[in-house]
Amino acid sequence: MANDNFTITNRTKSTLPRVPFANIKDSVLGKSYELSLVFIGETTSRKLNKQYRQKDKATNVLSFPLDKKSGEIFITPSVAKKEGHSVGFLFIHGLLHLKGLEHGDTMERAEIKLRKIFNV
């Protein structure tokens, strides 16, 4: 699935849930923001997490701002499932990081609001 400013790639064997990814992305970052969303397995997640965060374990979501108008989000569905997180929630979480938010009350309030709006 792709449009000019948003691509989704599934590198896992799992079927992706029906989440309005493009609408959520446009709501949080704007239509002109270029985003790549990639679903990955635990091996790739562990490699990226070790390389960029010096943590030698698979993680549920990683977000990488490339510049002010573009970024990448990697979600590991198997880790999300083990931790009891929905893919929709992790997508919102990653978007908010790309927007510049850090963990805390402001981010949690934004997550709750967006989850209600988009029913994820």
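User: Why is Arg115 called partly exposed?

Analyst: Arg115 has a relative accessible area of 34%. Buried means under 20%, exposed means over 50%, and partly exposed is what lies in between (1.4 Å probe, protein chains only). The value of 34% falls in between, so Arg115 counts as partly exposed. A quick word on the model: it is predicted, so local features need pLDDT of at least 70 and side-chain atom pairs count only at pLDDT 80 or more, while totals for chains, interfaces and linings use all residues. Residues are numbered from 1 along each chain as its sequence is written, and side-chain values use heavy atoms, with hydrogens and water left out.

User: Where does Arg115 sit, and what does Arg115 touch?

Analyst: You'll find Arg115 in helix α5, which covers residues 105-118. Helices here are DSSP runs (H or I, at least four residues), strands are too (E, at least two), and both are numbered from the N terminus. Leaving out residues up to four places away in sequence, Arg115 touches Phe89, Ile92 and Val120, where contact means heavy atoms within 4.5 Å. The C-alpha atoms of Arg115 and Ile24 are separated by 9.4 Å, although these residues are 91 apart along the chain.

User: What makes α4 and α5 oblique to each other?

Analyst: Two packed helices are described by the angle between their axes and the distance between the axes. The axes of α4 (residues 87-98) and α5 come within 10 Å and cross at roughly 135°. Axes are lines fitted to C-alpha atoms, for helices over the stretch in contact, with angles from 0 to 180 degrees between N-to-C directions. Under 35 degrees is roughly parallel, over 145 roughly antiparallel, 65 to 115 roughly perpendicular, and the rest oblique. An angle of roughly 135° belongs to the rest, so α4 and α5 are oblique. Their crossing is right-handed, meaning that the near helix is turned clockwise from the far one by less than a right angle (anticlockwise would be left-handed).

User: Which residues make that contact of α4 and α5?

Analyst: On the α4 side they are Phe89, Ile92, His93, Leu96 and His97, and on the α5 side Met107, Ala110, Glu111, Leu114 and Arg115. By class, that gives six nonpolar, two polar and two charged residues. Nonpolar covers Ala, Val, Leu, Ile, Met, Phe, Trp, Tyr, Cys and Pro; charged covers Asp, Glu, Lys and Arg; the others, Gly among them, are polar.

User: How do you know that α1 is roughly parallel to α4?

Analyst: Their axes come within 10 Å and cross at roughly 25°. That angle is below the limit for roughly parallel, so α1 gets that name relative to α4. This crossing is right-handed as well. Phe21, Ile24, Lys25, Val28 and Leu29 of α1 meet Val87, Phe91, Ile92, Leu95, Leu96 and Leu98 of α4. The classes are 10 nonpolar, no polar and one charged.

User: Why does Val28 count as buried?

Analyst: The relative accessible area of Val28 is 8%, which is on the buried side of the cut-off, so buried is the right word. Val28 belongs to helix α1 (residues 21-29). Beyond neighbours within four places in sequence, Val28 is in contact with Leu95, Leu96, Lys99 and Leu114.

User: What makes the pair of Phe64 and Phe74 edge-to-face?

Analyst: Their ring centres are 5.8 Å apart and their planes are at 75°. Rings of Phe, Tyr and Trp (its six-membered ring) pair if their centres lie within 6.5 Å; planes under 30 degrees apart are stacked, over 60 edge-to-face, and the rest tilted. Both values pass, so the pair is edge-to-face. Phe64 is in strand β4 (residues 61-67) and Phe74 in strand β5 (residues 70-75). Both phenylalanines are buried. The whole structure has five aromatic pairs, and Phe6, Phe21, Phe39 and Phe91 form one aromatic cluster.

User: Are Gln54 and Thr59 buried or exposed?

Analyst: Gln54 has a relative accessible area of 62%, so Gln54 is exposed. Thr59 comes out at 12%, so Thr59 is buried. Gln54 lies in the loop between α2 (42-53) and β4, and Thr59 is found in the loop between α2 and β4 too. Gln54 also has a positive phi, near 55°, without being a glycine.
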